[in-house]
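Got your viewer ready? Here is a short walk through one protein, with a suggestion at each stop for what to select next.

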Amino acid sequence: MGHRSERTALFLRTYHRDVTWLGYALAAIERWCHGFAEVVVVTPRTGSAAVRRAVGGGVRLLVCPDFRDDYLGQQVTKLYADECTDAGLICHVDSDVVFTRPVSPADLLDAGGRPWIVRRAVSRLGRHRPWLAPTEEFLGRPVAHDFMQQPPFTYPRQLYPQVRALCLERHGMPLDRYVAGRPPRGFSEFNVLGAHAYAAHRAEFAWYDTDADAARVPRLCRWYWSRGGIDAALRRELEEVTGWYGARVTTDPILCHPGGARPDDPCH
């Protein structure tokens, strides 16, 4: 029924300045997450040695090209996540997202086996919503909800090539080139994926509203802000949740080219 029989991957796009956060995120995955097909971490070439030292066993590390603006670059990586794993479902977790309770792939689905997405009506947001205009410009239609209300963000692998095909059709260029050419903060990958899913595959997802469905929204993790740093109190909180107090062992990276993949790429 639904996606219950699908293999599910946990997918993290990081960079070297977030290695401390990454350590906590991976420790939480090791402590709380069970039944996932694999954990994939992707990082740019620059600083990959530091990320390599932060990644433990049981994690597949991929190295992607550097981007001029890695805020946009990390979105490119996520939009090509299906080229980095063969899992049927891809669950996105940022380095500053920490699981806080036991989680299995079933927790990412509703009773009917559909991935859930938490949304909030644009009319209920504040006036500062810089993601909205770029999302509507990309899709070519109005967007009524914010689909980045609560991680993790889980999508079936079929959604990614659909969004890439839409980019070619509407904008005449590959998605990686389109996103990398946007102005700073000029794209929102999870809002694009969520809005496309809502428009094209609404019945295949479970939609939770932050207001009407607050009591039903699954609470699997805490979402921090990595740029805010980690003070002593926050460090104690993260250590208590994850059980991680020290450095992790290294592993060798595999070269990956999301957005410009060759047939022999290990991401296929």
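**A tour by selection**

Start with the surface display: the accessible surface of the protein comes to about 12100 Å², and 50% of that belongs to carbon and sulfur atoms. Keep in mind along the way that this is a predicted model.

**Stop 1: the whole chain**

Switch to a cartoon view and you will find 8 helices and 11 strands. The radius of gyration is 18 Å, close to the 18 Å that the globule rule gives for 268 residues, so the protein is as compact as a globular protein of that length. Turn on the C-alpha trace and look along its principal axes, where the spans are about 50 × 45 × 40 Å.

Now colour by relative accessibility: 54% of the 268 residues count as buried. If you prefer a contact map, take the contacts between residues at least 6 apart in sequence; 79% of these join residues at least 24 apart.

**Stop 2: the charges**

Select the charged side chains next. There are 34 positive and 31 negative ones, and the centres of the two sets lie 3 Å apart. Side chains of opposite charge can pair when their charged atoms come close. How many salt bridges does a search of the whole structure find? The search finds 14 salt bridges, and the next stops visit some of them.

**Stop 3: R7 and D86**

Select R7 and D86, whose side chains meet in a salt bridge with an N to O distance of 2.7 Å. R7 sits in the segment before β1 (8–13), while D86 is in the loop between α3 (70–79) and β4 (89–92), so this pair ties together parts that are 79 residues apart in sequence. Check the accessibility of each partner: R7 is partly exposed at 42% relative accessibility, whereas D86 is exposed, with a relative accessible area of 56%.

**Stop 4: D70 and R13**

Move on to D70 and R13, another salt bridge, at 2.8 Å from N to O. D70 belongs to helix α3 and R13 to strand β1, so here the pair ties together parts that are 57 residues apart in sequence. Are these two residues buried or exposed? Both D70 and R13 are buried.

**Stop 5: R222 and E237**

Select R222 and E237 next: they form a salt bridge in which the closest N and O atoms are 3.1 Å apart. R222 is in strand β10 (residues 221–223) and E237 in helix α8 (residues 232–242), so you are looking at a link between distant parts of the chain, 15 residues apart. Both ends are partly exposed by the numbers: R222 has 36% relative accessibility, and E237 has 31%.

**Stop 6: a network**

Pick K78, D94 and E189 together. These residues are linked in a network of salt bridges.

**Stop 7: H3**

Finish with H3, which lies in the segment before β1. H3 is buried, with a relative accessible area of 15%, under the 20% cut-off for that label. Which residues does H3 touch, leaving aside those up to four places away in sequence? Show L89, L109, G113, P115 and P156 as sticks, and you have its contacts.

For a last distance, go back to D70 from the fourth stop. H3 and D70 are 67 residues apart in sequence, and their C-alpha atoms are 32 Å apart in space.

Notes
Residues numbered from 1 in each chain as written. Predicted model: local features only at pLDDT ≥ 70, side-chain atom pairs only at ≥ 80, totals over all residues. Heavy atoms only, no water. Helix = DSSP H or I, 4+ residues; strand = E, 2+ residues; numbered from the N terminus. Rg over C-alpha atoms; globule rule 2.2 N^0.38 Å. Buried < 20%, exposed > 50% of the residue type's maximum accessible area, 1.4 Å probe, protein only. Contact = heavy atoms within 4.5 Å. Areas by Shrake-Rupley, 256 points an atom, 1.4 Å probe, with all protein chains shown as cover. Lys, Arg positive; Asp, Glu negative; His and termini not counted. Charge placed at Lys NZ, Arg CZ, Asp CG, Glu CD. Salt bridge = Lys/Arg side-chain N within 4 Å of Asp/Glu carboxyl O.
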